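Me: I'm new to this one, so I'd like to go through it slowly. Show me the structure, and then I'll keep asking how you know things.

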Amino acid sequence: MARDTLETLIRLAGSDVDEARRGLQQVLAEEDKIRADIADLEASIAAESELIQRQPELSGNFGIFLVRAKQRREALDAALAEVLPRVEAARDRLAEAFANQKKYEIAKQNRDAAAAEDEKRREGIVLDEMGLNAHRRRND
């Protein structure tokens with residue numbers, strides 16, 4: 001009964017680990033997307049700056065572009081600041097779920113080892129009894 005209970009707890013804890021891992025992957029994907037958007041924005045600013053240096057006559061709208069790029073960067077920075085605590089929380093949930101699973105696995109290992117030791121002890125008693133009985137028969 002206890003063995004089945006521990007196996008059930010291990011399976012449930014494994015499900016919790018899987019769920020926490022998926023949650024972490026989801027928020028990490030959000031973080032990666034934001035970081036990629038920031039990199040794209042920086043590349044866009046660099047490309048526009050290079051274009052303006054080669055063709056100064058196009059510089060009329062560059063100021064507006066920079067203002068909007070700055071606003072976009074601020075929005076992306078705010079989104080990143082919002083997602084980073086969620087990443088840490090998801091990592092903490094995963095670590096906690098994994099620790100729970102390991103706790104049940106260790107309990108099962110300890111219980112299995114104790115059962116094996118008990119079985120070994122019982123076999124020793126039986127063998128000792130058989131040896132004593134054989135010794136008595138020879139001496140009788």
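Reply: Sure, and let's begin with a yardstick: buried means under 20% relative accessible area, exposed means over 50%, and partly exposed is in between. Take D118, which has a relative accessible area of 27% and is therefore partly exposed. Keep in mind that this is a predicted model.

Me: What makes R122 and D118 a salt bridge?

Reply: The closest N and O atoms of R122 and D118 are 2.9 Å apart. The cut-off is 4 Å between a side-chain nitrogen of Lys or Arg and a carboxyl oxygen of Asp or Glu, so this pair qualifies. Both residues sit in helix α2, four residues apart, which is about one turn of the helix. As for R122, its relative accessibility is 47%, so R122 counts as partly exposed.

Me: Which residues are joined into one network by salt bridges that share partners?

Reply: Those are E30, E82 and R86. In the whole structure, a search finds 14 salt bridges.

Me: How do you know that R86 and E30 pair up, and what does the pair tie together?

Reply: Their closest N and O atoms are 2.8 Å apart, which is within 4 Å, so the pair is a salt bridge. R86 belongs to helix α2 and E30 to helix α1, so the pair ties together parts that are 56 residues apart in sequence. R86 is partly exposed at 30% relative accessibility, and E30 is partly exposed too, with a relative accessible area of 30%.

Me: What about K108, which residue does K108 form a salt bridge with?

Reply: With D112, and the closest N and O atoms are 2.9 Å apart. K108 and D112 both lie in helix α2, four residues apart. D112 has a relative accessible area of 24%, so D112 is partly exposed.

Me: Why is the aromatic pair called stacked?

Reply: A search of the whole structure finds one aromatic pair. It is made of F62 and F65, whose ring centres are 6.1 Å apart and whose planes are at 25 degrees. Centres within 6.5 Å make a pair and planes under 30 degrees apart count as stacked, so the name fits. The two residues are three apart in helix α2, which covers residues 62–139.

Me: Are those two rings buried or exposed?

Reply: F62 is buried, because its relative accessible area of 16% is under 20%. F65 has 25% relative accessibility, so F65 counts as partly exposed.

Me: What makes up the nonpolar patch on the surface?

Reply: V126, L127 and M130 form the patch, with about 310 Å² of accessible area together. V126 lies in helix α2. V126 has 47% relative accessibility, so V126 counts as partly exposed.

Me: How do you know that the protein isn't a compact globule?

Reply: A compact globule of 140 residues would have a radius of gyration near 14 Å, but the protein has 33 Å. The C-alpha atoms also fill a box of roughly 120 × 25 × 15 Å along the principal axes. The protein has two helices and zero strands, and 18% of its 140 residues count as buried.

Me: How far apart are Q55 and R137?

Reply: Going by C-alpha atoms, Q55 and R137 are 112 Å apart in space, and they are 82 residues apart in sequence. Q55 lies in the loop between α1 (2–54) and α2. At 32% relative accessibility, Q55 counts as partly exposed.

Definitions and conventions: Residues numbered from 1 in each chain as written. Predicted model: local features only at pLDDT ≥ 70, side-chain atom pairs only at ≥ 80, totals over all residues. Heavy atoms only, no water. Phe/Tyr/Trp six-rings, centres within 6.5 Å; stacked < 30°, edge-to-face > 60°. Buried < 20%, exposed > 50% of the residue type's maximum accessible area, 1.4 Å probe, protein only. Patch = residues over 30% accessible without salt bridge, like charges linked within 9 Å, V, L, I, M, F, W, Y side chains within 5 Å. Areas by Shrake-Rupley, 256 points an atom, 1.4 Å probe, with all protein chains shown as cover. Rg over C-alpha atoms; globule rule 2.2 N^0.38 Å.
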